[in-house]
Amino acid sequence: MNITITINGRERSFDIRPADMLADVLRDAGFVEVKKGCDTGSCGVCTVLLDGTPIPSCSYFAARADGHEVTTVGGLASEAAELAEYLVAEGADQCGFCAPGFAITVHAMKKEFPSPTDEQIRHYLAGNLCRCSGYEGQMRAIKRYLEASNA
Amino acid sequence: MPEQFKEVARSRAKIDGKGLVVGRPAYTDDFAPRDALVVHIIRSPHAHAHILSIDTSAALKLPGVASVLTYKDVARIPYTRAGQGHPEPSPHDKFILDEFVRYVGDEVALVAAVDEVTARDAAALVKVEYEILPAVLDFENAIDNPVIIHPEPEIHDMFPIGFEPTRNVAAAYTMEIGDVEAILADSDVTVERTYYTQAQAHVALEPHTAYTYLDLHGRLNVVTSTQNPFHTRRLLGQALAIPLRNIRVQKPRIGGGFGAKQHVHVEPYAALVTLATGRPAKVVMSRKEVFENTFSRHQMRIDIRIGAHRDGRIRVIDMQVLSNTGAYGEHALTVFMVGGSKTLPLYNKVEAVRFGGHIVYTNKIPAGAFRGYGAIQGNFALESAVDELAQELGIDALTLRTTNMIAEGETSEVFKIMGEGGEGVEMVVESCKLDYCVKRGSSLIGWNPSRLAYEIAPGRIRAKGMAIAMQGSGIPLIDMGSAHLELQDDGFFKLHIGATDLGTGSDTILAQIAAEELGVSSDDIVVYASDTDQTPYDVGAYASSTTYVSGNAVVKAARNMKQALREAVADKFNVGIDIVQFDGSRFTTSDGTFLVGLKEFSADTLYHNGAKMKTIAASGSFTGEKSPPPYMAGFVEIELDVETGKVDVVDYAAVVDCGTTINTNLARIQVEGGLLQGIGMALYEDVRYTESGHMLTNDMMQYKIPTRQDVAKLTVEFAESYEPSGPFGAKSVGEIGIDTPLAAIANAIFNATGARIRELPLTPPRVLAAIQAARRTLDSAN
Amino acid sequence: MEFSHLVRPRSVEEAYSYVVERNALLLGGGAWLRMSPRSVETAVDLSSLDLRYIRQSGQLIEIGAMATARDVETSAVLEHAFGDVFRHAAENIVGVQMRNIVSMGGTIAGRFGFSDLNTLFLALDAHLVLHSAGELGIESFLAKAPKFPLLIEKVLIDSGIRSAFKSVRNTATDLPILNAAVALTPKGWRIAVGARPGPARSAPNAAHLLGSAETPSDEHIVAAARATAEELSFRSDIRGTAEYRRSVCAVLVRRALTEATS
């Protein structure tokens, strides 16, 4: 079947099988920042924004995105780069596999909670797993990033 | 110490960080050719079976299917998939495809097709007839079980490792120093306990991925998410009977390793398809396949006996291990030996010590390399037993440790006797700040021996526990790393290293080391790594070898580079080399006369120096003559709900001696990441099977790693320490962080409740059952 | 999960006709469903129908079938009507991303043992409005899936019920080892326990010990909690043993009752 999705502001059409998942359609279309880690919506590396809402694209049928807007980290270029500075400054950018999904979710979190508490940050990002860093470096980076954003 | 350095001991930014966060193509699957055949592996649904027939005819007829391969299409060459130095301490007990399958998921056949859906559809058309064989699933009943998992005549070890496959023994070992039985008999107090550690899954977020293709010269090119490109090349060459000169292996960015990618899991299958079809091929494992069909940590049973003098001197330790290597024995002996070699030397003042046991085959997922590598299992047993001994002696657990633990300038006879797979190397420990680590850690956590546990709210207890640990820095006289430096016009250096950055930042820290030695900025070093065609040999990233072994190689290369630079300048200016000095940017004579700047000379030597033009390059190789241990003291504070058994980590204080921290931020992250993995093994993670050997925990809904909500606080500090044999005083930091949480948390639970738990993980049901049992014991005692 | 046709009906009526005529599979979020090994001809995408709402209608709260777990977690309407019990029941489900797609219709229709929200719905005595098939109490629905083709349109709950939810899980976003919810409905106290590991069940005999007392005594609370553990059945799985679940059942119910009455 044929669907049309606006990805990072550009309309794209795809010929898909009905049961295709959004993550596969995006990766095949070259959006390799969308990663596949677990295929059960549990790890967060496939996170994209659907009409501004973070969803696990590995568990979202592509057909449902027809006529909607998808944002990947590529569509948040300058914001992601800014967050990257803070992650890099902490050394928290390890293997990087969780990072794009993480950056997208942080962006969504900022919209809902401009000044979140530690607990709110941990809870909002609980679905973004990281096996490398132990999370503390990411927390240090996020807090400094939010401080700077709100200043 | 750190103030004297310009580049090391600085928290320089990782060179790849920003690109990864914004999602630039970086990982193997991002680069796979669009037209690569997708390889789908048909896997055994049985834990143990003989393939009677495979009918591939229907599958081959499906449009889009390029190839279907079975064991009949592959030369029968036994090999090992373990990325270890040659000769491997691993039995060569695996065939790429075999007519016997030995665990649920063992490879049966390959289907290569134009896309994943076609490959899967074709796989469903392959008809396999199995004769189901009885399976050995209990590792405590594996030795001399009538069911023999490896009866094949062709399999063999590379040197004696105690390989007795007819008994289901993959390897065995024993050593004794002094007379253990006599000292035990003579000890005032003895503690004899048995501990169990479970299989754990790595859960690196990037599933194993590789693609292969034949280049213009017909050479097999392999791009893979691997921790050891050179071992991979050798193993593939052996298994596929291809000369090594016709294979190239490259590693792009990896999405996590932790040992998961220290073996060859997917490359042979992609390679087989490329060789059969001439076309590019790729294998991208699903998460389910990673869980079911790569490796887990070795499950172990550890029997410990400790004897001590009434005054607290530990006199003897006996550690016997039964380790479960699953269907194949890749890391059987080596992980097992590290269980003793990187734990027992902590208590070096004993009069006698013994270590031994067996590693057995079972029809379960093979076990392999995983951060900690035996030391973490041994640490759980030893550090729990030490607390139990403290309890028996009526001595504070911290004091018991500080009385008996190893100190700087000392040695342990275990170093000489136990290596990895064979004998070790004698070593005086030239850097050991365990005393500081313990003192500082206890202060950070607020360790008060008379108040290790207290009720913070009705039914909620706060309690503390501790453990100490050691690891290694590379495998002496076995791990080797090399580096090439080359001066480029514009005054920068190419640094080519075989070392493998798993995301840890080793590319960055090795650049820092080169820069420090050369006297230049890290910005002047451009790193290229992990390509068997372009970079010099390195064993790869494991055994905590990168900083110490590869780092020392870089130091040597940099020293040789300075020599080469001075020689070239001396030659150009017709002066003696002994008067040429280099400060990192300028060449002068010893009386202060300026000769030339580095930047200017870098262009001159390539363009302007006429007959004297040349490329200025230098190399260095290093293998350790010892493996200086990093040390750590871990202190946990837990909060325990006595009615549900739920344990939460409220605070974890870790003080680490890894020598100089080449990059302090990255070192801290290594420890923090290691702690979370150790806490995961202590509290949450467990590889579980059905009674027929099917894995139940085969996705991330069922198998849970810690989330950022699970640990409230980590406090990581480093001791000031300097290892003279290490690059700028560094040891290693990659594994040490993972070892202490198991015993520290078990000890804290004991301190909270009087319930001693000797198996893992410490889940709410296990903890509650232990609390209830302890209460019943107390009640019946009263 | 596999399907060869995906239809996107423009009305609930049309969606229902696919269920009746083609035995089509309704997709809520699809997140849980796709993990099952099922294979069907036709799947029905409900996401463009007007089924995603949470609203007060008189004395009733209406939750549309396509309301997500995140909607439920953050709903001001639910907070106003029930306090933070829905937030507590929803906030541990996997992650924000997953909660943004998991639908209430899908959660209920799946009758998943691991569901936290089904346990709460059961305690609150929620009723399901089924298209062309009237209303069905969630109690009956969870006990036994109806044999007739069904489409859940919305969930109805009496507003203003006092309730509490408790769970024990290993990691923070793990599936629960056990969960429990209690509620003081117009018909009296209800106690529900889920992740047994089977789907949530209520314990009417145990709840009967509390009657309709707004603040039962501690003794009655303890008795009801113990009775719940006796009344319900538990099994072992990889997350816990039956004995553990039985022990912890009494604890969670007691804690929930204490919270609901404080």
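How many helices and how many strands does chain B have? Let me begin there, since chain B takes up much of this talk: it has 19 helices and 27 strands. Please keep in mind throughout that what we are looking at is a predicted model, which scores ipTM 0.97 and pTM 0.97. For chain C, to which I will come at the end, the mean pLDDT is 96, and 100% of the residues reach 70 or more.

Staying with chain B, its radius of gyration is 27 Å, which lies close to the 28 Å that the globule rule gives for 782 residues, so chain B is as compact as a globular protein of that length. Taken along the principal axes, the box that its C-alpha atoms fill is roughly 95 × 75 × 50 Å.

The chain is divided into three parts: domain 1 covers 2–23 + 480–623, domain 2 covers 32–133 + 205–256 + 261–293, and domain 3 covers 299–475 + 626–781. Between domain 2 of chain B and domain 3 of chain B, the centres, taken over C-alpha atoms, are 36 Å apart. Where these two meet, domain 2 of chain B contributes 22 residues to the contact and domain 3 of chain B contributes 25 residues. If we look at the domain 2 side of that contact, we find seven nonpolar, seven polar and eight charged residues.

One local detail of chain B deserves a moment, namely the hairpin made by strand 16, residues 453–457, and strand 17, residues 460–470, which pair in the antiparallel sense over four bridges. Within this pairing, Ala457(B) has Arg460(B) of strand 17 as its bridge partner. The hairpin has two residues between the strands, and Gly459(B) takes a positive phi near 80° there.

Let me now turn to the neighbours of chain B. The contact between chain A and chain B takes 44 residues from chain A and 43 residues from chain B. On the chain A side, helix 2 (77–90), helix 3 (99–112), helix 4 (118–124) and helix 5 (136–150) each supply at least two residues, and helix 2 of chain A gives the most, with nine residues. By class, that side of chain A has 25 nonpolar, twelve polar and seven charged residues.

On the other contact, 19 residues of chain B touch 15 residues of chain C. Here helix 19 of chain B, residues 764–781, gives the most to the chain B side, with four residues, and that side divides into eight nonpolar, six polar and five charged residues.

Finally, chain C itself contains an open sheet of four strands in the order 9-10-11-12, with antiparallel pairing. Strand 9 (162–169) and strand 12 (201–202) of chain C stand at the edges with a single partner strand each, so one side of each is left without a neighbour in the sheet. Strand 12 of chain C is joined to strand 11, residues 188–194, by two bridges, and in strand 12 the bridge partner of Ala192(C) is Ser202(C).

Two helices of chain C pack on this sheet. Helix 7, residues 116–123, touches strand 9, strand 10 (176–185), strand 11 and strand 12 of chain C, and its direction makes about 20° with that of strand 10. Helix 11, residues 242–260, touches strand 9, strand 10 and strand 11 of chain C, with a direction that makes about 35° with that of strand 10.

Terms used:
Residues numbered from 1 in each chain as written. Chains lettered and ligands numbered in written order. Predicted model: local features only at pLDDT ≥ 70, side-chain atom pairs only at ≥ 80, totals over all residues. pLDDT = per-residue confidence, 0-100. Domains from an automatic or database assignment. Contact = placed C-beta atoms within 7 Å. Nonpolar A, V, L, I, M, F, W, Y, C, P; charged D, E, K, R; others polar. Pairing = 2+ DSSP bridges. Axes fitted to C-alpha atoms, helices over the stretch in contact; angles between N-to-C directions. Rg over C-alpha atoms; globule rule 2.2 N^0.38 Å.
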